[in-house]
Each structure stands twice: as structure tokens, then as C-alpha cells.
Amino acid sequence: MKKNIKVKLSDLFTSKFMKKYTKFNSIDSFVHNYDSSVTAKTFKPTNNREFDKYVSHHSKFKNWNEMYKKAGEEYLK
């Protein structure tokens, strides 16, 4: 039986992860740079082209889904 577990973005995207794969020190600064009206707590991850472009320009990933998946894999280790 699968169980959904809620994990805060700040726990999933650790500073170590962000420094390794992006140009930012935290997920909060990453999303705030994209949209200054949000923080990691208020950010609603979406898979849209505009955000995917942002991710591809500011990280080592092609899109948000790829970045999110890698963070999940590292979180589970």
C-alpha cells in the first residue's frame, strides 16, 4: 500500500543539493529569484514552460520535473 508523505521543499532541496546543482544556496532564494512574491513555503511547483526554462538556465537540469525527481532520489538515500 502506497502512502503519500509530505516533505517541505526546504527539506527536499537541501542547501547541499542547491549548491551542487544550481547557482543558489537555497530553494528559497531559487524560487524567490524566479518570482519575488513567493518563498519556498508559498511556492506551488508547476510544470510549465516558463518555469522549466528558468530551471534549465539556473540549474544543471532540463526542467522542474527532472530537478524534483533528483532531489527526491537524494532525499530517500
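This text walks through a predicted model, from its nonpolar core to its aromatic rings and then to its largest pocket.

Start with the core. The largest nonpolar core holds 20 residues. Phe-13, Phe-17, Ile-27, Phe-30 and Met-67 have the most contacts inside it. Several helices feed this core. H1 (9–12), H2 (15–21), H3, H4 and H5 each give at least two residues.

Look at Ile-27 in that core. Leave out residues up to four places away in sequence. Ile-27 then touches Leu-9, Ser-10, Phe-13, Met-18 and Ala-40. Phe-13 is thus listed twice: it is a partner of Ile-27, and it is among the core residues with the most contacts.

Thr-22 offers another view of this region. Thr-22 sits in the loop between H2 and H3. Is Thr-22 buried or exposed? Its relative accessibility is 10%, so Thr-22 counts as buried, the cut-off being under 20%. Beyond its neighbours within four places in sequence, Thr-22 is in contact with Phe-17, Phe-30, His-58, Ser-59 and Met-67. Phe-17, Phe-30 and Met-67 also appear among the core residues with the most contacts. Thr-39 lies elsewhere on the chain. Thr-22 and Thr-39 are 17 residues apart in sequence, and their C-alpha atoms are 17 Å apart in space.

Now turn to the aromatic rings. How many aromatic pairs does a search of the whole structure find? The search finds 16. One of them joins Phe-30 and Phe-51. Their ring centres are 6.4 Å apart, with 75° between the planes, and the pair is edge-to-face. This pair links distant parts of the chain. Phe-30 belongs to helix H3 (residues 27–34), Phe-51 to helix H4 (residues 49–58), and 21 residues separate them. Both rings belong to buried residues. Phe-30 has a relative accessibility of 0%, so Phe-30 counts as buried. Phe-51 has 1%, so Phe-51 counts as buried too.

Phe-43 and Trp-64 form another such pair. Why is it called edge-to-face? The ring planes stand at 80°, and an angle over 60 degrees counts as edge-to-face. The ring centres are 5.9 Å apart. Phe-43 lies in the loop between H3 and H4, and Trp-64 lies in helix H5, so the pair ties together parts 21 residues apart in sequence. Phe-43 is buried at 9% relative accessibility. Trp-64 is buried as well, with a relative accessible area of 3%.

The two pairs also belong to a wider group. Ring pairs join a cluster that includes Phe-30, Phe-51, Phe-43 and Trp-64. Also in the cluster are Phe-13, Phe-17, Tyr-21, Phe-24, Tyr-34, Tyr-54, Phe-61 and Tyr-68. Phe-13, Phe-17 and Phe-30 were met earlier, in the core.

Tyr-68 leads on to the largest pocket, where it is one of the lining residues. The pocket has about 160 Å³ of space. Its lining also includes Ile-5, Val-7, Leu-12, Gly-72, Glu-73, Tyr-75 and Leu-76. Which helix gives the most to this lining? Helix H5 (residues 64–76) does, with five residues. By class, the lining has six nonpolar residues, one polar and one charged.

Three lining residues show a range of exposure. Begin with Ile-5, in the segment before H1. Its relative accessibility is 70%, so Ile-5 counts as exposed. The C-alpha atoms of Ile-5 and Ser-26 are 22 Å apart, and the two residues are 21 apart along the chain.

Val-7 also lies in the segment before H1. At 29% relative accessibility, Val-7 is partly exposed. Outside four places in sequence, Val-7 touches Leu-12 and Tyr-75. Val-7 and Trp-64 are 57 residues apart in sequence and 17 Å apart in space, C-alpha to C-alpha.

Leu-12 is in helix H1. Leu-12 counts as buried, because its relative accessibility is 9%. Setting aside neighbours within four places in sequence, Leu-12 is in contact with Val-7, Tyr-68, Ala-71, Gly-72 and Tyr-75. Among these, Val-7, Tyr-68, Gly-72 and Tyr-75 also line the largest pocket.

Methods: Residues are numbered from 1 along each chain as its sequence is written. This is a predicted model: local features need pLDDT of at least 70, side-chain atom pairs count only at pLDDT 80 or more; totals for chains, interfaces and linings use all residues. Side-chain values use heavy atoms; hydrogens and water are left out. On a 1 Å grid over the protein atoms alone, a cavity is a set of points where a 1.4 Å probe fits but cannot get out, and a pocket is an open set with protein on both sides within 12 Å along at least five of seven lines; lining residues have an atom within 4 Å of a point. Grid points are joined across faces, edges and corners, and a volume is the space filled by probe spheres set on the points. Helices (H or I, at least four residues) and strands (E, at least two) are DSSP runs, numbered from the N terminus. Ala, Val, Leu, Ile, Met, Phe, Trp, Tyr, Cys and Pro count as nonpolar, Asp, Glu, Lys and Arg as charged, and the others, Gly among them, as polar. Rings of Phe, Tyr and Trp (its six-membered ring) pair if their centres lie within 6.5 Å; planes under 30 degrees apart count as stacked, over 60 as edge-to-face and the rest as tilted. Buried means under 20% relative accessible area, exposed over 50%, partly exposed in between (1.4 Å probe, protein chains only). A nonpolar core is a set of buried Ala, Val, Leu, Ile, Met, Phe, Trp, Tyr and Cys residues joined through side-chain atoms within 4.5 Å. Contact means heavy atoms within 4.5 Å.
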